[in-house]
Amino acid sequence: MQARVQTVAFQGVEVVPVDVQVMIAPGTLAFAIVGLADKAVGESRERVRAALRALGLALPPQRIAVNLSPADLAKEGSHYDLPIALALLAAMGVIARESLSGLVALGELALDGSLSRVPGVLPAALYASQSERGVICPAACGGEAAWAGEHVEIVAAPSLLALINHLRGQQTLLRPQSVAADDTAKYPDLVDIKGQETAKRVLEVAAAGGHNLLMIGPPGSGKSMLAARLPGLLPPLEADEALEATMVRSLAGETGDGKLSLRRSFRDPHHSATLQALVGGGHRARPGEVSLAHHGVLFLDELPEFNRTTLEALRQPMETGRVTVARANAHVTYPARFQMVAAMNPCRCGQNCRRGPRCGLEYQGKLSGPLLDRIDLCIDVPRVEAADLALPPPAESSADVAARVAAARAVQRERLAKLRSTLTEVEAEPSAGLLSDWARGWSRPRCNADTDGKLLAAIAEPDAEGRALLTRAAERLGLSARAWHRTLRVARTLADLDGSDPVRRLHIAEALSYRRQEPRNILAA
């Protein structure tokens, strides 16, 4: 008696098909699971046995062998419970083998036979859509799986008994509906912040171009308040962006009720976060904060208090938009196209420092030059004076700024779409890599901060006066090639906010004013 059911394994965001093969044969009483199964998969024996017993079924007193193919691929997670149980039921003749063909099954079994939520349902459903298969999943994950498309057959069962009845034609399980999350909740508003007009301007520029931002100022100057209001300035996620971000959260088991949200994530890990928590890793190579902030904001408060090694690990994902976690038993890649916003005090004392500039230099010296070189905007946030606090609330709200940001982002999307179609029509050089990068979903440029190489040169070429200014500044300030390109990106965003097609000298000058050259003590007098 043999049967097989298809399920999946996850290697980062990549979905690998796994064939669950079950054989019941005469021999010594045993229930063996082979195929590089981890402890959670090995414990499926007890969950499957208890679930069948709850249905009034008993395993035959024979030798049961379960093979998870390919055998050299590590199998992790509890979602193998359901495919193992279904393959056993098919081998026992309880359900027809034909009813399981063309379906991908995943789900965790409770001891009473009910099906529990498992991570990774959305990537599995997208894989099933591409391979023209259906999906069997727990009812709690049905709404998540439904986002794979209306053409995908989805069987979302609350329990193993209901699923058996559905496969035998004795019950009909309705197809779940994809539901969007309620995104009407309001973000904190900029009207709550008095003073700090320069910081608000830089926050608008960061939102309009997706640029990284570092704020330096004494405690109580409003750095965290400003960062918390950045998501309210950003436009909603586009459909493909929302799918990518939800797919990563699904792998991490953070999709909640399975509703798709168009709100950009705002991740703010504590400075005690480990390297694995921030960039991903661990035994199962799970996504870290940089990936969970994909198409969103990663806020690092008290930046120098983070571990030096942890901060240096951010350099690669900040540059490439992806992070590769290499372990002895895993080598996976996660998307990490995030916008980093950081805040820090000018020195360890924070304010009223008696050690003078030396304390600030030592404290800010914890940040390496290569890391600071990847930050597009760096501003000093001074202490708020009592006169500013006595003023009435500002007239400009987050909605007013968000409207200008949305207009600038729309210009960028249209410009990049035109360039993309042009490069698609013209045969690209094999070494250019532009088309191959666009072929990977999360590598496609979506705003000015994502552009580089020929694409950046095509959209951000300054006028003659602007180029002369940038050249002189690069020579006098010792700007690196990376700083040169990041200055052009910021200048392009400033031009978009002004409604200017060319990048002018004024835009280059303002972008240069936001470059940080060396640690300084900015304690207020």
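Arg-489 touches His-211, Asn-448, Ala-449, Thr-451, Asp-452 and Leu-456, leaving out residues up to four places away in sequence; contact here means heavy atoms within 4.5 Å. The model is a predicted one, where local features need pLDDT of at least 70 and side-chain atom pairs count only at pLDDT 80 or more, while totals for chains, interfaces and linings use all residues. Residues are numbered from 1 along each chain as its sequence is written, and side-chain values use heavy atoms, with hydrogens and water left out.

Back to Arg-489. You'll find it in helix α21. Helices (H or I, at least four residues) and strands (E, at least two) are DSSP runs, numbered from the N terminus. With 6% relative accessibility, Arg-489 counts as buried. Buried means under 20% relative accessible area, exposed means over 50%, and partly exposed is in between, using a 1.4 Å probe and protein chains only. Glu-312 is 177 residues from Arg-489 in sequence, and their C-alpha atoms are 23 Å apart in space.

**The whole chain**

Zooming out, the chain has 22 helices and 16 strands. Its C-alpha trace spans about 85 × 55 × 45 Å along the principal axes. Of the 525 residues in the chain, 53% are buried. If you take contacts between residues at least 6 apart in sequence, 74% of them join residues at least 24 apart.

**Where α21 meets α22**

How do the axes of α21 and α22 cross? Helix α21 (residues 481-498) and helix α22 (residues 505-513) have axes that come within 8 Å and cross at roughly 125°. That makes α21 oblique to α22. The axes are lines fitted to C-alpha atoms, for helices over the stretch in contact, and angles run from 0 to 180 degrees between N-to-C directions. Angles under 35 degrees count as roughly parallel, over 145 as roughly antiparallel, 65 to 115 as roughly perpendicular and the rest as oblique. The crossing of α21 past α22 is right-handed; that is the label if the near helix is turned clockwise from the far one by less than a right angle, and left-handed is the label if anticlockwise.

On the α21 side, the contact is made by Thr-487, Leu-488, Val-490, Ala-491, Leu-494, Ala-495 and Asp-498. From α22 come His-507, Ile-508, Glu-510, Ala-511 and Leu-512. Sorted by class, the contact of α21 with α22 has 8 nonpolar, 2 polar and 2 charged residues. For that sorting, Ala, Val, Leu, Ile, Met, Phe, Trp, Tyr, Cys and Pro count as nonpolar, Asp, Glu, Lys and Arg as charged, and the others, Gly among them, as polar.

**Helix α6 and its surroundings**

Now for a helix that is mostly covered: 7 of the 8 residues of α6 are buried. Those buried residues are Leu-160, Ala-162, Leu-163, Ile-164, Asn-165, His-166 and Leu-167. What do they pack against? The partners are α2 (44-54), α3, β6 (108-109), β7 (115-116), β8 (134-138) and β9 (154-157). Just after α6, Gly-169 takes a positive phi of about 80°.

One of those partners, α2, contains Ala-54, which counts as partly exposed at 45% relative accessibility. Setting aside neighbours within four places in sequence, Ala-54 is in contact with Leu-111, Asp-112 and Gly-113. Ala-54 and Tyr-363 are 309 residues apart in sequence, and 62 Å apart in space from C-alpha to C-alpha.

**Thr-246 in α9**

Thr-246 lies in helix α9 (residues 239-251) and is buried, at 5% relative accessibility. Its side chain reaches the backbone oxygen of Ala-242 at 2.7 Å. Apart from neighbours within four places in sequence, Thr-246 is in contact with Leu-122, Thr-255 and Leu-260.

**Backbone oddities in loops**

Two non-glycine residues with positive phi are worth a look:

| Residue | Phi | Loop | Relative accessible area |
|---|---|---|---|
| Gln-196 | about 55° | between α6 (160-167) and α7 (197-209) | 11%, buried |
| His-295 | about 60° | between α11 (289-292) and β12 (297-300) | 6%, buried |

There's a cis peptide bond to check too. It runs from Ser-69 to Pro-70, with omega near 10°. Pro-70 is in the loop between β4 (63-69) and α3 (81-92).

Technical notes
Polar contact = N/O pair within 3.5 Å; in protein donor to acceptor, adjacent residues only side chain to side chain.
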